[in-house]
Amino acid sequence: MSKITVELEDTLQDCVNKAVDAVRDELLSYLKANPDTDRLPCLNNDFDYRGAIHEIIDGAFPIYTNEIDTIMFLHGDDVESAFDDAGIGTKDGAGWPMGWKPAAIYCYIEQQVSEWYDREAEEIFSEWQAAKTEEVTA
């Protein structure tokens with residue numbers, strides 16, 4: 001019996017970070033373009049009305065089969081859970097030309113972006129409001 005050592009490059013968190021950074025930029029751009037905004041914009045309604053969030057997640061998504069396979073090997077349970085939570089279909093393959101696994105990774109990135117937004121966006125919005133108030137009073 002022989003042993004083989006394999007080194008894998010785990011890129012899932014990089015994909016999530018790329019999407020989160022882009023959503024943060026999208027939030028700041030939205031606030032700049034809408035200076036009269038008095039509430040935190042809704043991630044899905046205000047931003048994704050034009051598909052901005054889906055475009056961001058598409059841009060952060062891994063495109064190479066090897067990268068997708070590695071993510072599934074390393075994070076399969078979490079990614080599969082995100083797919084199941086999304087409720088977008090079954091894993092029988094009938095509706096997934098490339099299989100359900102790429103869709104599951106997309107769901108995972110989308111879920112992580114949403115969790116980040118729920119956790120962090122209010123603070124960004126509050127800081128923006130405070131800076132806007134300071135500009136008016138200065």
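Select helix α1, residues 12-33, together with α3: in this predicted model the two helices pack at an angle of about 150°, and their axes lie 8 Å apart. Angles over 145 degrees count as roughly antiparallel. Helices α1 and α3 are therefore roughly antiparallel to each other. Their crossing is right-handed.

Next, display the side chains at this contact. From α1, select Cys-15, Lys-18, Ala-19, Ala-22, Val-23 and Glu-26; from α3, select Ala-52, Ile-53, Ile-56, Gly-59 and Ala-60. Coloured by character, the residues of the α1 contact with α3 divide into eight nonpolar, one polar and two charged.

Keep α3 in view, now as residues 52-60, and turn to burial. The buried residues in this helix are Ala-52, Ile-53, Ile-56, Ile-57 and Ala-60. Look down the axis of α3: the buried residues fall within an arc of 135°, so they line one face of the helix. Four of the names just selected recur from the previous stop: Ala-52, Ile-53, Ile-56 and Ala-60 belong to the contact with α1 and are buried.

Move to Thr-11, which is located in the segment before α1. Is Thr-11 buried or exposed? Its relative accessible area is 11%, and the cut-off for a buried residue is under 20%, so Thr-11 is buried. Add Glu-67 and Ile-71 to the selection; Thr-11 touches both, when residues up to four places away in sequence are not counted. A distance drawn between the C-alpha atoms of Thr-11 and Glu-67 should read 7.4 Å, although the two residues are 56 residues apart along the chain.

Proceed to helix α4, residues 65-86, and select Thr-70 within it. Thr-70 is buried as well, with a relative accessible area of 9%. Which residues does it contact beyond its neighbours within four places in sequence? Thr-70 is in contact with Leu-8 and Glu-9. For a sense of scale along the chain, extend the selection to Ser-81: its C-alpha atom is separated from that of Thr-70 by 17 Å, with their positions 11 residues apart in sequence.

The last stop is His-75, also in helix α4. Show Asp-10 and Leu-12 beside it, since His-75 touches these two residues, not counting residues up to four places away in sequence. Finally, draw a line from His-75 to Phe-47. These residues are 28 residues apart in sequence, and their C-alpha atoms are 28 Å apart in space.

Methods: Residues are numbered from 1 along each chain as its sequence is written. This is a predicted model: local features need pLDDT of at least 70, side-chain atom pairs count only at pLDDT 80 or more; totals for chains, interfaces and linings use all residues. Side-chain values use heavy atoms; hydrogens and water are left out. Buried means under 20% relative accessible area, exposed over 50%, partly exposed in between (1.4 Å probe, protein chains only). The arc is that of the directions from the helix axis to the C-beta atoms. Axes are lines fitted to C-alpha atoms, for helices over the stretch in contact, and angles run from 0 to 180 degrees between N-to-C directions. Angles under 35 degrees count as roughly parallel, over 145 as roughly antiparallel, 65 to 115 as roughly perpendicular and the rest as oblique. A crossing is left-handed if the near helix is turned anticlockwise from the far one by less than a right angle, and right-handed if clockwise. Contact means heavy atoms within 4.5 Å. Ala, Val, Leu, Ile, Met, Phe, Trp, Tyr, Cys and Pro count as nonpolar, Asp, Glu, Lys and Arg as charged, and the others, Gly among them, as polar.
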